[in-house]
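Please take a moment with the sequence and the 3D view, and keep both at hand while reading the paragraphs that follow.

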Amino acid sequence: MKKMIQKFYNKYIVENLETNESNQDKDKTKGFVVWKLRSILLAFFIIWGLSALLIYPFFDDWSERGTFGDTFGAINALFSAFAFGGLVYTLFIQRYELSLQRKELEMQRKEVARNGDQLEEQKNIMIEQSFENTFFKLIELHYTIVQSLSSHTGGGRAAVHGKYVALSSALINIETKEQLVSRVNKVVGDPMFSIAHYLNNIVCMLNLIKKHSRNLNQETKDSEHAVILFSQFSKEEQYLLFYYFGCAEDERVRDLLPQFINVQELNHDAPLHYEWLYGSKRNNSND
């Protein structure tokens, strides 16, 4: 109980006493300044009054008093010069203080700009980290989807290989671009090979890289993440992507793949199919 009372005393009573003493010191200082100013004004008033009383009895004529007052003209000019000099000095002091204020404001602006750059850098780091996390999670999801694929030939990579074999067999003796597009869409949409989720995930990854490259003012083909992504695809998967994107009904999906890679590298064995699906885009880009 004594400890609690002592703690209360130290925390509240002593703090209040220190605060009161500080306030009293401030009041004393303020009172001293006011008293000093009043004393100076009173002294000037007394001197001015005494000067009149001392000069007035020695002269009977006002003209003599005026002549005597004129003798102080040089002193008045001197004090006027002092006053003007004090004014000029005050202006220089103000100018110096303003220059200090400008320097301080300039330092503050630089500090604010530096803090803004740091915040922008932290923002970019957070955006980059968010992109990296999302990108590699999508790659993990890609492998999970591949493992979950199934068909009559097996599951996982075997299902992808079965899809590749089925598509290769369906594209024999194709004579026109319309036939090519029709057969590709028929095989890709075959429920026996359910790869829609697999393909949609790849489209999401490509769009993510495209958006990130645009934020960095970078060409999508120069993105290291695009290189990482396409290095994950087997030869069979690249073959499927070649035809899926080239024959997609959605124009945005159809134009997506050439932004990342030379599409001809995905299927060297079908130059005619490349001309049908991607040749016009290549020629237009060269023009």
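In this predicted model, tyrosine 164 has a relative accessibility of 23%, and because the partly exposed class begins at 20%, this residue counts as partly exposed. Tyrosine 239, by comparison, has a relative accessibility of 12% and therefore counts as buried. A search of the whole structure finds nine aromatic pairs, and one of them is made by the rings of tyrosine 164 and tyrosine 239, whose centres lie 4.9 Å apart and whose planes stand at 85 degrees, so that the pair is edge-to-face. This pair links distant parts of the chain, since tyrosine 164 belongs to helix H4 (residues 157-170) while tyrosine 239 belongs to helix H8 (residues 235-246), 75 residues apart.

A further edge-to-face pair is formed by phenylalanine 242 and tyrosine 243, with 4.8 Å from centre to centre and 85 degrees between the planes. Phenylalanine 242 has a relative accessibility of 0% and so counts as buried, and tyrosine 243, with a relative accessible area of 1%, is buried as well. These residues come together in one aromatic cluster, which is formed by Tyr164, Tyr239, Phe242, Tyr243, Tyr274 and Tyr278.

With these rings in view, it helps to step back to the chain that carries them. The secondary structure of the protein chain comes to 10 helices and two strands, and when the sequence is read along its length, these elements follow the pattern α-α-α-β-β-α-α-α-α-α-α-α. Of the 287 residues in the protein chain, 24% are buried, while the area that the chain exposes is about 20,900 Å², with carbon and sulfur atoms supplying 59% of it. Among the contacts between residues at least 6 apart in sequence, 68% join residues at least 24 apart.

Two of the helices can now be followed in turn. Helix H5 (residues 177-188) has 12 residues and reaches 16 Å from its first C-alpha to its last, which is close to the 16 Å expected at 1.5 Å a residue. Where do the buried residues of H5 lie when the helix is seen down its axis? The residues concerned are Leu180, Val184, Val187 and Val188, and they fall within an arc of 95 degrees, so they line one face of the helix. On the face of H5 turned away from this buried side, the exposed residues Glu178 and Lys186 are found.

Helix H6 (residues 196-215) has 20 residues, which at 1.5 Å a residue should span 28 Å, and the 29 Å between its end C-alpha atoms agrees with that expectation. Many positions can be named here: Tyr198, Leu199, Asn201, Ile202, Val203, Met205, Leu206, Ile209, His212 and Ser213 are buried in H6. Just after this helix, asparagine 217 takes a positive phi of about 55 degrees.

The last stop is histidine 225, which is found in helix H7 (residues 224-230). At 4% relative accessibility, histidine 225 counts as buried. Which residues does histidine 225 touch, if those up to four places away in sequence are not counted? They are Glu128, Phe131, Glu132, Phe135, Ile209 and His212, and of these Ile209 and His212 have already appeared among the buried residues of H6. With glutamate 132, histidine 225 also shares a polar contact, in which the side chains of the two residues are joined at 2.9 Å.

Conventions:
Residues are numbered from 1 along each chain as its sequence is written. This is a predicted model: local features need pLDDT of at least 70, side-chain atom pairs count only at pLDDT 80 or more; totals for chains, interfaces and linings use all residues. Side-chain values use heavy atoms; hydrogens and water are left out. Helices (H or I, at least four residues) and strands (E, at least two) are DSSP runs, numbered from the N terminus. The expected span of a helix is 1.5 Å times one less than its number of residues. Buried means under 20% relative accessible area, exposed over 50%, partly exposed in between (1.4 Å probe, protein chains only). The arc is that of the directions from the helix axis to the C-beta atoms. A polar contact is a pair of N or O atoms within 3.5 Å; within protein, one must be able to donate a hydrogen and the other to accept it, and residues adjacent in sequence count only if both atoms are side-chain atoms. Contact means heavy atoms within 4.5 Å. Accessible areas come from the Shrake-Rupley method with a 1.4 Å probe; for residues, only the protein chains shown count as cover. Rings of Phe, Tyr and Trp (its six-membered ring) pair if their centres lie within 6.5 Å; planes under 30 degrees apart count as stacked, over 60 as edge-to-face and the rest as tilted.
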